[in-house]
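Okay, everyone, thanks for coming. I have one structure for you today, so let me put it up on the screen.

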Amino acid sequence: MITVATILGLEHSGTTLLARMLGAHSKAFAIGGLKNFTAFAEGRKACSCGETPATCVFWTTVLEEIRSRGNDPQILAAELAAHRRNPALARDAARIIVEAISAASGMSLIVDASRDSTWGTLLKQSPSIRVVPIHIFKTPMAQLASAKRKQRSLYAEIGKYISRSRDCRAETSRSSCSVTLAYDELCSAPETSLASIMDAVGLPLEHHQVTGWGAEPLHMIGGNRMRSSTSSKVERDEQWKKLLSGFEVALARLGGGVTFALNERESLRETRSREDV
């Protein structure tokens with residue numbers, strides 16, 4: 001049985017950091033985002049090692065594994081991209097790709113940081129794959145600060161914060177095993193936070209997941225600048241205190257405060273549930 005930890009959340013909410021920490025486990029492999037496989041296979045995205053599908057030492061092995069099973073990686077990439085039009089074909093494509101990744105890496109835990117629930121939903125239909133959704137979220141102020149740095153609309157970011165959080169909560173509530181986690185909690189108590197996630201995926205925590213994740217070799221497709229970090233330091237995102245104006249802070253609290261509270265309540269509920277087991 002392959003376990004896929006599918007990380008849910010917004011851009012710049014800690015998804016890449018969490019993927020790297022989980023992927024540092026000796027029985028885990030962080031692939032970046034399954035949603036990026038099509039662009040990668042078509043040569044429009046590179047591996048985090050800087051190589052292409054034709055030259056990356058890991059992904060060439062994956063593609064060879066796919067071919068050895070009688071499948072064409074380009075066709076699978078096209079089927080995956082057409083998941084809205086033909087979900088049945090996309091489900092089969094996603095399963096084949098994940099099985100090939102597991103076989104090529106020799107790992108039983110695959111960490112996917114596609115961020116939205118589409119990709120985990122595709123994989124749930126396979127009897128050979130167990131999906132564990134993990135929702136990580138920041139405060140609305142920190143999320144707006146990230147949008148401001150990228151010159152995105154703050155109003156659109158608030159709307160996305162609300163809608164994506166709602167979708168993530170719905171996905172975790174549908175799963176028999178899931179984790180909801182505040183980014184600040186991961187930073188302030190990384191060992192406890194990771195232990196909770198590793199318990200959900202059925203593996204023991206390894207200490208270097210906390211202290212040495214930045215030294216691990218990577219072959220992730222997609223992800224933000226965190227994928228190139230060689231440091232294993234985690235810090236709370238408090239740059240919003242310098243970046244946001246008083247009006248923008250008020251906007252974040254007014255527009256995202258209820259959503260943040262709902263996310264926190266889900267996190268606490270799941271923590272209590274695990275303690276009761």
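I'll go through a few helices, then the charged residues, and finish with some backbone angles. Keep in mind that this is a predicted model.

Let's begin with helix α4, residues 73-81. Which of its residues are buried? They are Pro73, Leu76, Ala77 and Leu80. These cover an arc of only 100° around the axis, so they sit on the same side of α4. And what do they pack against? That would be α2 (37-41), α3 (57-68), α5 and α6 (118-124). Have a look at the start of α4 too, where a side-chain oxygen of aspartate 72 comes to within 2.8 Å of the backbone nitrogen of glutamine 74.

Next up is α5, which runs over residues 87-105. With 19 residues, α5 reaches 27 Å from first C-alpha to last, close to the 27 Å expected at 1.5 Å a residue. Its buried residues include Ala90, Ala93, Ile97, Ile101 and Ser105. Just after α5, glycine 106 takes a positive phi of about 75°.

One residue of α5 I'd like to stop at is glutamate 99. Buried or exposed? Glutamate 99 has a relative accessible area of 15%, and the cut-off for buried is under 20%, so it counts as buried. Setting aside residues up to four places away in sequence, glutamate 99 touches Ile2, Arg69 and Ser128. There's also a network of salt bridges here, linking Glu65, Arg69, Arg95 and Glu99.

On to α8, residues 154-174. This one has 21 residues and spans 30 Å from its first C-alpha to its last, close to the 30 Å expected. Among the buried residues of α8 are Leu154, Ile158, Tyr161, Arg164, Cys168 and Glu171. Looking down the axis of α8, the buried residues fall within an arc of 160°, so they line one face of the helix. The face turned away from that buried side carries the exposed residues Tyr155 and Arg174. At the start of α8, a side-chain oxygen of serine 153 reaches to within 3.4 Å of the backbone nitrogen of tyrosine 155.

Within α8 we also have a salt bridge, between arginine 174 and glutamate 171, with the closest N and O atoms 2.8 Å apart. The two are three residues apart, about one turn of the helix. Arginine 174 is exposed, at 56% relative accessibility, while glutamate 171 is buried, at 2%.

While we're around α8, let me bring in glycine 256, which lies in helix α13, residues 246-276. Glycine 256 is buried, at 0% relative accessibility. Leaving out neighbours within four places in sequence, glycine 256 is in contact with Pro140, Ile158, Tyr161 and Leu251.

Now, how many salt bridges does a search of the whole structure find? The answer is 15. Let me pick out a couple that link distant parts of the chain. Lysine 138 pairs with aspartate 237, closest N to O at 2.8 Å. Lysine 138 is in the loop between β4 (129-137) and α7, aspartate 237 is in the loop between α11 (208-211) and α12 (240-243), and they are 99 residues apart. Both ends are buried: lysine 138 at 8% relative accessibility, and aspartate 237 at 10%.

The other is glutamate 11 with arginine 115, at 3.9 Å, N to O. Here glutamate 11 is in the loop between β1 (2-8) and α1 (15-23), arginine 115 is in strand β3, and their positions lie 104 residues apart in the count. Arginine 115 is buried, at 15%.

What about a charged residue with no partner? Strand β3 has aspartate 112, which is buried yet has no salt bridge. The nearest side chain of opposite charge, lysine 35, is 8.7 Å away. What the side chain of aspartate 112 does reach is the backbone nitrogen of leucine 34, at 2.6 Å. Its contacts further along the sequence include Val4, Ile31, Gly33 and Trp119.

Last, the backbone. Most residues other than glycine have a negative phi. Arginine 115 has a positive one, near 85°. So does glutamine 151, at about 60°, in the loop between α7 (140-149) and α8. Arginine 115 is buried, at 15%, but glutamine 151 is exposed, at 74% relative accessibility.

That's my tour; over to you.

How values were computed:
Residues are numbered from 1 along each chain as its sequence is written. This is a predicted model: local features need pLDDT of at least 70, side-chain atom pairs count only at pLDDT 80 or more; totals for chains, interfaces and linings use all residues. Side-chain values use heavy atoms; hydrogens and water are left out. Helices (H or I, at least four residues) and strands (E, at least two) are DSSP runs, numbered from the N terminus. Buried means under 20% relative accessible area, exposed over 50%, partly exposed in between (1.4 Å probe, protein chains only). Lys and Arg count as positive and Asp and Glu as negative; His and the chain ends are not counted. A salt bridge is a side-chain nitrogen of Lys or Arg within 4 Å of a carboxyl oxygen of Asp or Glu. A polar contact is a pair of N or O atoms within 3.5 Å; within protein, one must be able to donate a hydrogen and the other to accept it, and residues adjacent in sequence count only if both atoms are side-chain atoms. Contact means heavy atoms within 4.5 Å. The expected span of a helix is 1.5 Å times one less than its number of residues. The arc is that of the directions from the helix axis to the C-beta atoms.
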